Amino acid sequence: MMMKLVNLKELVCSWLDGIEVRDSKKAHLLCKAIPASCPFEREIKFFNRILVHIPPLCKLNPFYEQVVNLRFKALCYLAEECGEDIAIYC
């Protein structure tokens, strides 16, 4: 059973790595859908004092590297191939 899960993870990782960005609509969609920083990281404050810091949990995602790489590919496509300003996504 464990072997099948490892193979499935590798299959999904390979699939994500193999996605090519060759369309500006797809690139814009990817840049909007994948956040630049982890949306789960938080600081809970009380009277300007930090009570709790919740660390970025995105790195627990087994596909984190592939998703970040996909966003990077989309940003590079928009900047280099389309000549667009990508500052809105940073």
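This text goes through the predicted model from its overall form to single residues.

The protein has three helices and two strands. Read from the N terminus, these elements follow the order α-α-β-β-α. The radius of gyration is 17 Å, well over the 12 Å that the globule rule gives for 90 residues, so the protein is more spread out than a compact globule. Along the principal axes, the C-alpha atoms fill a box of roughly 50 × 45 × 15 Å.

The surface and the contacts add to this picture. Of the 90 residues, 20% count as buried. The accessible surface comes to about 7,200 Å², and carbon and sulfur atoms account for 62% of that area. Contacts can also be sorted by distance along the chain. Taking those between residues at least 6 apart in sequence, 57% join residues at least 24 apart.

The two strands come next. Strand E1 covers residues 42–46 and strand E2 covers residues 49–54. E1 and E2 pair in the antiparallel sense, with five bridges between them. One of the residue pairs is isoleucine 44 with valine 52, its bridge partner in E2. Valine 52 has a relative accessible area of 40% and is therefore partly exposed, since that value falls between the 20% limit for buried and the 50% limit for exposed.

E1 and E2 form a hairpin with two residues between them. Phenylalanine 47 lies in this loop, and asparagine 48 is found there too. The backbone angle phi is positive in each case: near 55° for phenylalanine 47, a residue other than glycine, and near 60° for asparagine 48, likewise a residue other than glycine. How accessible are these loop residues? Phenylalanine 47 has a relative accessible area of 70% and counts as exposed. Asparagine 48, at 75% relative accessibility, counts as exposed as well.

The hairpin also carries a nonpolar surface patch. Ile44, Phe46, Phe47, Leu51 and Val52 make up this patch, which has an area of about 550 Å². Both strands take part, as E1 and E2 each supply at least two of the patch residues. Two members of the patch have already appeared as the bridge partners isoleucine 44 and valine 52. Another member, Phe47, is the loop residue with the positive phi described above.

Charged side chains offer a further point of interest. The structure holds one salt bridge. In that salt bridge the side chains of arginine 22 and glutamate 20 meet, with 2.5 Å from N to O. This distance counts because a salt bridge requires the nitrogen and the carboxyl oxygen to be within 4 Å. Is each partner buried or exposed? Arginine 22 counts as exposed, at 64% relative accessibility. Glutamate 20 has 46% relative accessibility and counts as partly exposed.

The last stop is helix H3, which spans residues 64–81 and contains glutamine 66. The relative accessibility of glutamine 66 is 13%, so this residue counts as buried, the limit for that class being under 20%. Which residues does glutamine 66 touch, apart from its neighbours within four places in sequence? Glutamine 66 is in contact with Cys13, Leu16 and Asp17. These contacts link a residue of H3 to a part of the chain that comes much earlier in the numbering.

Definitions and conventions: Residues numbered from 1 in each chain as written. Predicted model: local features only at pLDDT ≥ 70, side-chain atom pairs only at ≥ 80, totals over all residues. Heavy atoms only, no water. Buried < 20%, exposed > 50% of the residue type's maximum accessible area, 1.4 Å probe, protein only. Patch = residues over 30% accessible without salt bridge, like charges linked within 9 Å, V, L, I, M, F, W, Y side chains within 5 Å. Areas by Shrake-Rupley, 256 points an atom, 1.4 Å probe, with all protein chains shown as cover. Helix = DSSP H or I, 4+ residues; strand = E, 2+ residues; numbered from the N terminus. Pairing = 2+ DSSP bridges. Rg over C-alpha atoms; globule rule 2.2 N^0.38 Å. Contact = heavy atoms within 4.5 Å.
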